[in-house]
Amino acid sequence: SAVVNTLATTTGTALNVSSTTIGANGLNFRSIAANGATNGIVLNTTGASGGLTVTGNSAGLCGGQVTGFPAAVTAPNSADCTGGTIQSTTGTGILLATTNSVSLTRMWVKNSGGDGIGGTGVTNFSLISSLVESNGNAVNEANIDFGDLTDTTPDGLHGTGAITNSTIRNAFENNVVVRNSAGAALTSFNVTGSQFTNQSSNASSDDGLRIEATGTANMTANVTGNYFAANRGDHFQADAANTGTMNVTFKTNTLVGGHATALGQGMTVNAATAVPGYAGRIDYDIDGNSINDAVLVGIQVNLGTSSNAAVFDGFVRNNLIGTSGDLLSCSSQGFGIAVDAHGNGTHTLAVTNNTLRNCFDRGIQVLANDGSGVLNLTITGNSIKEMSTDVNGGREAINVVVGAADPNIFGVPDAHAVCLTITSASGETVGGPQKNGDIRVRQRFRTSIVLPGYTPPGGNHFDTASVITFIQGNNPGATATATANDDPGVTTDGFFGGAACAQPS
């Protein structure tokens, strides 16, 4: 039967289907192997009827195992990679272009001179219980690369995608990159039970898993129950630009350090485009992850330069960032959580029930500036303690800065409208020794801050003493400081009372 078919070559390409339609029954192999070829597998312009399936014939741990939370990991067992080994190719190990429905199980792809698996214009792809390692020998080469980092209009993966119970490790630069700029949506990209790691000695290492929607791309990603370690850049990064649209869930993953010259080792969701700004939408849910040993920020959610059409909508909740008693385990140079709202778009966010320990500088850092946008921010139920005692860090548990420039990037004074709720249980918001209050709130230039439930005394929107009293009343045991700026050119700046802040959907 078809599932026992095998292919094996040395310096010849084991399977090459180009400008030929694969029938609806597909190509089915138990294993495909190549050693030293230009490419091990090539699928190029194969139609939309059928695809390639490699099954293997075992039931072990070719791709390793991730169990529990925080995760315990079992190393991959290459002896179980019965789907075949693609190794030492001079170019991309598995080259996919304008092809459909590729499913690879228990394959071992290693030591390619280019990408391990490279794809352009691919519809529907899955990698199951596989090991992809040590591919690439130059920048912009990855273990798995859909969309080619050198392409300004990337066309990577559409339809559905999955990486399941696999190990992707030790790429020259990025472990996995998926980039689109147009075309059909990537309706689901599900990454579960997998390991994304690099070597501490690899100074060229960058991201563990990166997804990017530029142009008019639409991408949905669900990254759940994975293990990330020793990626020099971000363990996970989701980016959008232009009018790119994203829906990102990042849940119950375990992120740890391990890279000697790391720049990131956290995770970020980011959108930005040069003036007139990003004009798409990102929905995100960062829920229940364990993060240790980030460098700059454990979790960053950044609406960058944006137009008033931009929407950033999300949750940062139930995450464990840093470990009690473990110095700088939250972050070694920056913050636990960073929230940014730049430009003229709307960022609506709930930061709830997170536990932060041993952050170098601040626990939660908030910056709204460089435009006249809207920030709806609810910070409740978090526990922030054991801040760094370093004389250069260890500041506020929560620091909120609204307004920073006149003129800003759009040539006018900052005029963000912010709705801000900060509440915590008694004794759960504690800054470090260099703090200016456990909670610090700064209103600057032509910005406004609405504090639901607050009443400005006598209509005085710049009475910071009453603001401090209000914030401290909502955060028992915490001290607060506040500053305000009365711009004589406007009447809408300062601190206001109002209804409850809008919540992410």
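Two strands are taken to pair if DSSP finds at least two bridges between them. In this predicted model, strand β20 (residues 209–213) and strand β23 meet that criterion, with 5 bridges joining them in a parallel arrangement. Within this pairing, Glu-212 stands opposite Asp-239 of β23. Strand β23 also pairs with strand β26 (residues 267–271), again in the parallel sense and over 5 bridges. One of the positions concerned is Ala-240, whose bridge partner in β26 is Ala-271.

Strand β23 spans residues 236–240, and 5 of its 5 residues are buried. In a regular strand, side chains alternate between the two faces of the sheet. Both faces of β23 are covered. Phe-236, Ala-238 and Ala-240 lie on one side, Gln-237 and Asp-239 lie on the other, and all are buried.

A parallel arrangement was also found for strand β36 (residues 374–380). Strand β33 (residues 346–352) is joined to β36 by 7 bridges, and Thr-346 has Val-374 of β36 as its bridge partner. The pairing of β36 with β39 is likewise parallel and comprises 7 bridges; here Asn-376 is matched with Cys-419 of β39. Of the 7 residues of β36, 5 are buried.

Two individual residues were examined in their surroundings. Ala-229 is located in strand β22 (residues 227–229). Ala-229 has a relative accessible area of 9% and is therefore classed as buried, the cut-off being under 20%. Beyond its neighbours within four places in sequence, Ala-229 is in contact with Phe-196, Thr-197, Asn-198, His-235, Val-256 and Gly-257. Between Ala-229 and Thr-273 the separation is 44 residues in sequence and 30 Å in space, C-alpha to C-alpha.

His-259 is placed in the loop between β25 (254–256) and β26. With a relative accessible area of 6%, His-259 is also buried. A polar atom of the His-259 side chain lies 2.8 Å from the backbone oxygen of Asn-202. Asn-202 also appears among the contacts of His-259 outside the four-place sequence window, together with Gln-199, Ser-200, Ser-205, Ala-230, Arg-232 and Gln-265.

The search for open and enclosed space gave the following results. The largest pocket holds about 150 Å³ of space. Its lining consists of Gly-233, Asp-234, Gln-237, Leu-263, Gly-264, Gly-266, Met-267, Thr-268, Leu-296, Val-297 and Gln-300. Strands β26 and β29 (297–303) are the elements that give two or more residues to this lining. By class, the lining of the pocket has 4 nonpolar, 6 polar and 1 charged residues. Gln-237, a lining residue of the pocket, is one of the buried residues of β23.

Over the whole structure, 1 cavity of 30 Å³ or more was found. The largest cavity has a volume of about 30 Å³. The residues that line the cavity are Ile-379, Thr-380, Gly-381, Asn-382, Ile-398, Ile-422, Thr-423, Ser-424 and Thr-429. At least two of these lining residues are supplied by each of β36 (374–380) and β39 (417–423), strands that pair with one another in the parallel sense. The cavity lining has 3 nonpolar and 6 polar residues, with no charged residues.

Note on methods
Residues are numbered from 1 along each chain as its sequence is written. This is a predicted model: local features need pLDDT of at least 70, side-chain atom pairs count only at pLDDT 80 or more; totals for chains, interfaces and linings use all residues. Side-chain values use heavy atoms; hydrogens and water are left out. Buried means under 20% relative accessible area, exposed over 50%, partly exposed in between (1.4 Å probe, protein chains only). Helices (H or I, at least four residues) and strands (E, at least two) are DSSP runs, numbered from the N terminus. A polar contact is a pair of N or O atoms within 3.5 Å; within protein, one must be able to donate a hydrogen and the other to accept it, and residues adjacent in sequence count only if both atoms are side-chain atoms. Contact means heavy atoms within 4.5 Å. On a 1 Å grid over the protein atoms alone, a cavity is a set of points where a 1.4 Å probe fits but cannot get out, and a pocket is an open set with protein on both sides within 12 Å along at least five of seven lines; lining residues have an atom within 4 Å of a point. Grid points are joined across faces, edges and corners, and a volume is the space filled by probe spheres set on the points. Ala, Val, Leu, Ile, Met, Phe, Trp, Tyr, Cys and Pro count as nonpolar, Asp, Glu, Lys and Arg as charged, and the others, Gly among them, as polar.
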